[in-house]
Amino acid sequence: METRDIIVIGASAGGVETLQRLCAGLPADLPAAIFVAQHLSPSARSVLPQLLDRAGPLRALSPVDGQKIENGHVYVAAPDHHMLLREGMILMRRGPYENRTRPAANALFRSAAIHYGGRAIGVVLTGLLDDGTEGLIAIKAAGGLSIVQDPKDAQWPSMPRNALNRDHVDHALPLADIPAMLCRLTTEAAGPSIPLLEEYLIEDKIAAQDFAIMETDIVTPGQPSHISCPDCGGVLNHIDLQDERRFRCQVGHAFTPLGLAAAQTDELERAIGVAVRTHRDRIRLFHQMRDRAEAGGLTHAKTRWDTATADAEKLVDVLEKAMHSLRRSNIEAEA
């Protein structure tokens with residue numbers, strides 16, 4: 001009898017403490033393997049495997065590419081690598097970013113849905129925006145089950161709340177109740193696995209390899225959206241699956257609508273920041289030229305530089321207000 005022996009977990013802000021508490025509640029004889037995609041800085045050395053190893057009785061580690069899957073282990077994605085599942089083994093690959101994140105929960109969840117179907121359980125914990133939601137939808141479509149931390153119980157409720165808003169989640173629970181639910185579900189017979197649409201398979205292949213070595217027959221799914229990719233400037237295709245829309249460019253960068261909006265906000269903030277800095281440099285230049293004109297008794301020139309200074313100061317004020325508005329809207333979107 002096949003059981004639900006593949007548990008994939010996604011977390012972002014607040015995830016380290018949450019994952020420690022989750023692992024502390026799991027038994028040593030859990031008849032399943034756990035895979036964790038926690039958003040991490042790509043340049044930082046992660047101590048999350050060691051923290052989770054000490055938190056509970058299960059062995060926690062960061063796997064290597066091609067490592068065999070063993071029950072009773074917690075596999076933690078390394079910084080700047082997607083962790084992807086195959087039959088009996090793990091891939092660690094530097095495929096394109098998804099929502100500007102690598103590792104990404106969506107990439108992990110999608111691979112579990114494709115290769116394990118009804119044996120997979122997807123879990124979304126605390127975090128910002130909506131990574132993991134599309135992956136949960138894939139797991140459910142493939143016959144698996146979904147669990148979401150109750151947003152009222154999450155340190156950062158956005159990830160679980162978006163999952164609840166956009167998917168028919170099987171269980172929404174406080175963190176303290178999730179270990180017992182996982183213990184129960186992993187002893188039950190797995191449901192039938194349902195083959196997924198080809199678009200999911202293509203996206204899984206894209207995540208599994210760098211673009212430079214991608215097979216020539218991999219074509220980005222979807223249709224051109226006439227929106228540019230914030231990461232590379234290429235055209236994004238929109239992909240409509242399971243009544244949801246997401247975006248992916250020819251390089252492979254992928255976005256949910258919320259992730260794309262957040263990335264666009266980041267780009268606008270950078271552009272406005274450059275404009276503000278340049279205008280402040282211009283004001284310093286105008287002050288110097290005004291002082292020279294005044295010292296030389298050039299009244300008309302002094303007036304011209306005074307006017308230019310006043311115009312630049314007004315523009316800086318407008319740009320700073322726009323920056324404040326962008327940040328406020330971004331915070332509201334992530335709340």
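Y75 is buried, with a relative accessible area of 0%. Here buried means under 20% relative accessible area, exposed means over 50%, and partly exposed lies in between (1.4 Å probe, protein chains only). F35 is buried too, at a relative accessible area of 0%.

This is a predicted model, in which local features need pLDDT of at least 70 and side-chain atom pairs count only at pLDDT 80 or more, while totals for chains, interfaces and linings use all residues. Residues are numbered from 1 along each chain as its sequence is written, and side-chain values use heavy atoms, leaving out hydrogens and water.

## Overall picture

The protein has 335 residues, and 52% of them count as buried. Its secondary structure comes to nine helices and 13 strands. These are DSSP runs numbered from the N terminus: helices are H or I with at least four residues, strands are E with at least two. Along the principal axes, the C-alpha atoms fill a box of roughly 95 × 45 × 35 Å. Take the contacts with a separation of 6 or more: residues 24 or more positions apart account for 67% of them. A contact means heavy atoms within 4.5 Å.

## Rings

How many aromatic pairs does a search of the whole structure find? It finds two. The ring centres of F35 and Y75 are 5.3 Å apart and their planes lie at 20 degrees, so this pair is stacked. F35 sits in strand 2 (residues 33-38) and Y75 in strand 4 (residues 73-76), so the stacked rings link distant parts of the chain, 40 residues apart. F286 and W305 form a tilted pair, 5.6 Å centre to centre with 35 degrees between the planes. F286 belongs to helix 8 (residues 257-295) and W305 to helix 9 (residues 299-334), so the pair ties together parts 19 residues apart in sequence. For these labels, rings of Phe, Tyr and Trp (its six-membered ring) pair if their centres lie within 6.5 Å; planes under 30 degrees apart are stacked, over 60 edge-to-face, and the rest tilted.

Charges also sit over rings. R304 lies over the face of W305, at 5.4 Å from the ring centre. R102 does so with Y97, at 4.2 Å from the ring centre. The test asks for NZ of Lys or CZ of Arg within 6 Å of the ring centre and within 35 degrees of the ring normal.

## Loops

R102 has a second feature: a cis peptide bond joins it to P103, with omega about 15 degrees. P103 is in the loop between strand 6 and helix 3. N99 is in the loop between strand 6 and helix 3 as well. Its phi is near 55 degrees, a positive value in a residue other than glycine. D80, in the loop between strand 4 and strand 5, also has a positive phi, near 65 degrees. Most residues other than glycine have a negative phi, and most peptide bonds are trans.

H253 is in the loop between strand 12 (244-249) and strand 13 (254-255). Leaving aside residues up to four places away in sequence, H253 touches P96, Y97, C229, D231, C232, L236, F247 and R248.

Some further buried residues:

| Residue | Relative accessible area |
|---|---|
| G135 | 1% |
| F286 | 6% |
| D80 | 11% |
| H253 | 11% |
| N99 | 15% |

## Helices

Helix 4 (residues 133-141) and helix 5 (residues 158-166) have axes that come within 9 Å and cross at roughly 45 degrees. The two helices are therefore oblique to each other. Their crossing is right-handed. The contact uses T133, E134, L136 and I137 of helix 4, and M159, N162, A163 and R166 of helix 5.

G135 is in helix 4. Its C-alpha atom is separated by 9.5 Å from that of A163, 28 residues apart along the chain. G135 touches N106 and F109, not counting residues up to four places away in sequence.

Which residues of helix 7 (residues 198-207) are buried? They are Y200, I202, E203, D204, I206 and A207. These buried residues pack against strand 5 (82-86), strand 6 (89-93), helix 3 (105-116), helix 4, strand 11 (235-241) and strand 12.

Notes. Axes fitted to C-alpha atoms, helices over the stretch in contact; angles between N-to-C directions. Parallel < 35°, antiparallel > 145°, perpendicular 65-115°, else oblique. Left-handed = near helix turned anticlockwise from the far one by under 90°.
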